[in-house]
Structures are given as structure tokens and as C-alpha cells.
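Ready to practise reading a protein model? Work through the exercises below with the structure open beside you, and try each task before you peek at the solution.

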Amino acid sequence: MADPVVLETTRPAPRSIGRSALLTLPLLLWALLMFSHAVDLRENAGRAAALLTCAFMVALFFLMVRTRRTYRWRRVFFVALGVLFPIGFIAQLYALRGSMSIPVERMLSGDTPFCFLAIPMLIVPAALTRTVIFPGSILPTASNPHSVATMIAVWFAATLVLGKAWCAFGCFFGGIEEGFAALPRKAKLRDLPPRLRWVPWSVLAAVVLLSAATFEPTYCMWLCPFKAVTEFPEVRSAQTAIQFAIFGMLFGGLVVVMPLLTRLRTQCTLLCPFGAFQSLFNKLTVFDVRIDRSRCTDCVACRRACPTLVLDEAAVTAGGPGISCMKCGACVDSCTKQAAVWHVKGTPIAARPETARLLFLYPAWSFATLFGGSIIAGSLAQLLRPLLH
Amino acid sequence: MLGNLAEPALLGFSSGLVCLAACGPVLLPWLAAAGEGGRGTARLLAQFLGGRLVGYLGFASLAWAIGLALPLPARTNAFAYGLVHIALAIALLVFAVPARRRPEPCARLSIFRRATTRSGFLAPVLLGFLTGLNLCPPFVAAGVRAAERHSLPGALAFFLLFFAGTLVWFLPYLGSALLRRLPAVPTVARWSAALVAVYYLLLGGLTLGGAWLHG
């Protein structure tokens, strides 16, 4: 086995343009292949949206390769996804049924678009009774293209490779709060107690158990903040009014106000049960982030940069953020000593972190292009249609 | 004779999966928060099931006493359902708070002290009793059949056998003892119990409010 490469303690210079372009070439080919199918290319808006999104995704990958930084460029994509997803989704809802609210009759007839957040709640009832408790359709239909089977297939394939990196490269909600968290220059509220990171696990346990007991996806019915900007049950009773109020308060509190105060992804940190569930799959993937203790000077830059509460003092001492890390790259990019590094399990820590980063980025960005990119392209096409018709 | 014995036991066994799922939100966080080993978990489970049995037998007596009045009017059902959920929520909330963090007057009451000590039995029995009163469809079906018995002992025996039929489905909960190896589990379990309590409180309140307003 070759000796580990000795890393410099200062940040390496950017890659050359030619080498960066060469490393970006596979992604360019992948993006061209993807966007030739993602939207309707027969119309001007579709062609323009596909071209713009393809250029956007490839340019960001090129910048990640050239600057050797991940977080900043991933955030640009992620915020764009977070902003454009609700726009495209709401436009689609209005085109399909003329409203963001869904009447209970349409829910019962299986017209609710399926979202990955419901996946943890489906498992126990499906295992015990072979019943899918979500009021959607198993396969895509004309009135509901967002089917259960399609989303689960996409999620499963991505999760096997990326683990919790789904939350940094695939989640079409996370970008909304990441955008708000990026707005202030400094956090007004610091030092949230690290034990709060267990709250999503509690929410996960509660919603999984309640969903099995009540045969309804409890989180979607009562706690999902993103219902406020996507789709919600039509307000016809005290119950639906309370549900809508809860969605609104959670969205306002955890997706808008708290990220502005803390510069953290507070919904992911303090509520999202899917994130906790997804953490379990970090055990399956070969990629992780580690902290080389021999280089670490305990400057706490990585802890301050972490957008969740995953990196605390104990985690840094233990040499890594553990299973709840979503591999966004913030800690690695913030570390001036190259102590926080990308890592492939089974290899020596800090042996070839840049190679490990690229090995992770190719599947991660390919997935981001396929999944998030097609959502961005679809939403852009909706926005451009009136202009280019 | 054999048919008389087999019917409630089979009814319980065949619908036990519903009991497993219905008791999960209350039982699993409670067991996980207790952080007991295998024997301790078995003891807590037995106490919970004991409470549940008391709930069953109480319901059997009521069902037999009411007799032909079953099924109850929707409004009565809704009131009972709402009250049971609110009581369950309050019990869960009280037991979810660690004894040292409880407000002073509550902490001083011996009933609360007893409920949360490791040897205390009030919490699992009360939680078992309240989940035993859960008006799930198989439970109501058993109630209707029990109400048709000619005598109170017959109705009680019917529910006892129905309960025995469901027991096997509770064995997987013994596996919760394995969770004690994870240090964060008691905290996670207590918080999830509190969330479940809030859900039941909301559900109970809405049911009571609905019954009150609309009849």
C-alpha cells in the first residue's frame, strides 16, 4: 500500500482551469443526458430551462473542483432548489386543481403528491399489514404524477450511496432554511444546547409509533412545516384549522425566524424526523467526514460552521461528527489546518482527502443534477413560459 | 364449550396486531425511558398488561351492565374516547417529566414519587389501564359480544380470554431492553412520550369539543 500523502497545513491553491474542466467533463455529459429528458424540449421555455439548469449545475461543479471547496457552491444550488421547488410545485397544484389546499375527498381518492418525508411512517404499517398508509397513488397517474413508488425508488437508490447526504444534496425543503440562515452576517442566538439534537429522534419515534397506531402519516397531518408552502388539507373544521396553524407556526419559527437568529438549519436540527431516520443510513455509505486529531488545534471553527448541532466538543474529540452528519462540507471548508477532511471508510484518515471528496462529489452531484436539477428545470420552465411563449 | 372458549381467544389473537400498534406510542417510550434490563422490562410490561387487564375487565363489566344499549350513542362514545385520551395524555406528561424536574408540589406527593421510582407500579398500571380502555374496533367488537353474555362472569371470562389472545403480540416489546445500551435513549424516549401526550391531548380535546358542539 502506498504511503499516505503528507498534507500541507495551509489550504492548497486552486486547481488549474484545464484540469478542473477535465474533471468536470463527466458531469457535463451526465447533465446533458439528464436535461435532454427532464423537461419538455419541444417548447421554448423547456429548452431554455434545460439549458440554464444544465449550465448552472455544471458551472457549480466546476467551481467546486477548481476552488476545492464544497459548501459555498453546494449552498447556491441548494438555495435555488429551495426557492424554486415551492414555486414550481404551487404552479403545478394550481394547474391541476386551482388551489394549494386539497379537499378531503381528493385525499381519499389518492391525489396527494407523495413526499419523501413520509417514508419512515410507512414502514411499520406496511410491514405489519402490507398497507401503504399515505393517501397517494402507488404509481404515477394523470392527476398525481408524484407517486409513492417513484419517490421511494429515487430515495432508496440515492440513500444507499449518499446516506444522510440526501439532506444536503437532495432535500427540496432544506434549501429554504439554508437560504434564511445565510442572510445574517452573525448569529444573534448562539450556543443552543447540544442535547437538542436528539429532538428529531424523539419526533421520529413519536410519529412512527403514532402512524402505526392511527394508520395515518402523523407528521404530514400535524407537524410538517413545509405544508405551509406546498399543499395542505382544505380548512373545513377545527381540526384542519389547528393543523394549518401548526404548519404556519412551525414554518415561521423553525424555517424563517430561527435560521435568521442562529444561522443554523433549525428545522433539520430541531424537528425533522426524516433527517434522523436518514442518519441511520450513514452507516451504509462509504463516505464520511473525519477530524484528524493530530492536526486539530481546537479552534472551534468547524463547530461554528456546522449548520446543525452535529459537531460539538465531544464529536471533535472523538474524531468525527458521527452518524448525523449530512456531509454538507461546511466544517471541511472552514478548517484552515485541514484537520476536518473528507474520508472513504476503510482508508487512513487524511490520506487523500481531496480524492475522497471527489469520489463523494461525483455520485452526490450526479444525484443533485438528476433530482434537484430536474426540479429546478421544471420550475424554471413554469416561470419562463409566459415570457417565451 | 370449546367454541365459547376459542372465540374470544381467537378474536384477541387475530386482532392483537392492532393492540400491538395501538399500545406502541404509550408503551414503547415508557419502557425505553425506564432504561431497565431484560427482567426489569418484563416486570414493567407485566405491570402494564395488568393495568390493561383491569381496563378490559372494567369495560367488560360496563358492557355487560349496559347490555342491549350497546353500541352506545355516538356522542357518548365520543365523550368516552375524548376523556380517555385526555387522561392518557396527562398521565404520559406527568410520567415523561423526570422526578427531579417536577414542580415541587407534585414531586412531594407520594403518589408521584411512587410512580417514578423503579419499584413503583402506578405508572405502568395506570398507563396500561388507560390504553386498555382504547375504543379500537376489535375492542368494541369484543365489547358487543361480551354484552350478549347471560351473566357478568361470562362477560368477564370473555374479555379475559380476549386479553389472553392478544398477549403474544406484546412479546416483541421485551426487545426494548436492548435499547438501554444507547445513552441517549431515555432522553429521546421521554421527549417522544411528551409529544405523544400532546397529540393525545389535542385529539381528546378535538373529540370532546366536537361531541359538545355537534352532538
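**Exercise 1: Confidence**

Task: Find out what the mean pLDDT of chain B is, and which elements of the chain score lowest and highest.

Solution. Keep in mind that this is a predicted model. Start with the whole chain: chain B has a mean pLDDT of 81, with 84% of its residues at 70 or more. Next, go element by element. Helix α5 (residues 110-116) of chain B has the lowest mean, 53, while helix α9 (residues 185-214) of chain B has the highest, 91. Finally, look at the scores for the model, which are ipTM 0.88 and pTM 0.90.

**Exercise 2: The build of chain A**

Task: Work out how the radius of gyration of chain A compares with the globule rule.

Solution. First, get to know the parts: chain A contains 17 helices and four strands. Now take the radius of gyration, 21 Å, and set it beside the 21 Å that the globule rule gives for 389 residues; the two are close, so chain A is as compact as a globular protein of that length. For a feel of its extent, the C-alpha atoms fill a box of roughly 65 × 50 × 40 Å along the principal axes. Then check the inside: 48% of the 389 residues in chain A are buried. Last, of the contacts in chain A with a separation of 6 or more, 75% link residues 24 or more positions apart.

**Exercise 3: Two helices meet**

Task: Decide how helix α2 (residues 38-66) and helix α7 (residues 137-147) of chain B are oriented to each other.

Solution. Begin with the geometry: the two helices pack at an angle of about 50 degrees, and their axes are 8 Å apart. Angles from 35 up to 65 degrees fall outside the parallel and perpendicular ranges, so α2(B) and α7(B) are oblique to each other. As for handedness, the crossing of α2(B) and α7(B) is right-handed. Who touches whom? On the α2(B) side you'll find B:Phe59, B:Ala60, B:Ala63, B:Trp64 and B:Ile66, and on the α7(B) side B:Gly143, B:Ala146 and B:Ala147.

**Exercise 4: A helix in chain B**

Task: Say whether helix α6 (residues 122-132) of chain B is largely enclosed or largely open.

Solution. Count the buried residues: they include B:Val125, B:Leu126 and B:Phe129. In total, 10 of the 11 residues of α6(B) are buried, so the helix is largely enclosed by the rest of the structure.

**Exercise 5: Where the chains touch**

Task: Find which helix of chain A supplies the largest share of the side that touches chain B.

Solution. Overall, 16 residues of chain A are in contact with 17 residues of chain B. On the chain A side, α9 (199-214) and α11 (238-262) each supply at least two residues. The largest share, 10 residues, comes from α9(A).

Conventions:
Residues numbered from 1 in each chain as written. Chains lettered and ligands numbered in written order. Predicted model: local features only at pLDDT ≥ 70, side-chain atom pairs only at ≥ 80, totals over all residues. Rg over C-alpha atoms; globule rule 2.2 N^0.38 Å. Buried ≥ 20, exposed ≤ 12 C-beta atoms within 10 Å, placed from the backbone. Contact = placed C-beta atoms within 7 Å. pLDDT = per-residue confidence, 0-100. Axes fitted to C-alpha atoms, helices over the stretch in contact; angles between N-to-C directions. Parallel < 35°, antiparallel > 145°, perpendicular 65-115°, else oblique. Left-handed = near helix turned anticlockwise from the far one by under 90°.
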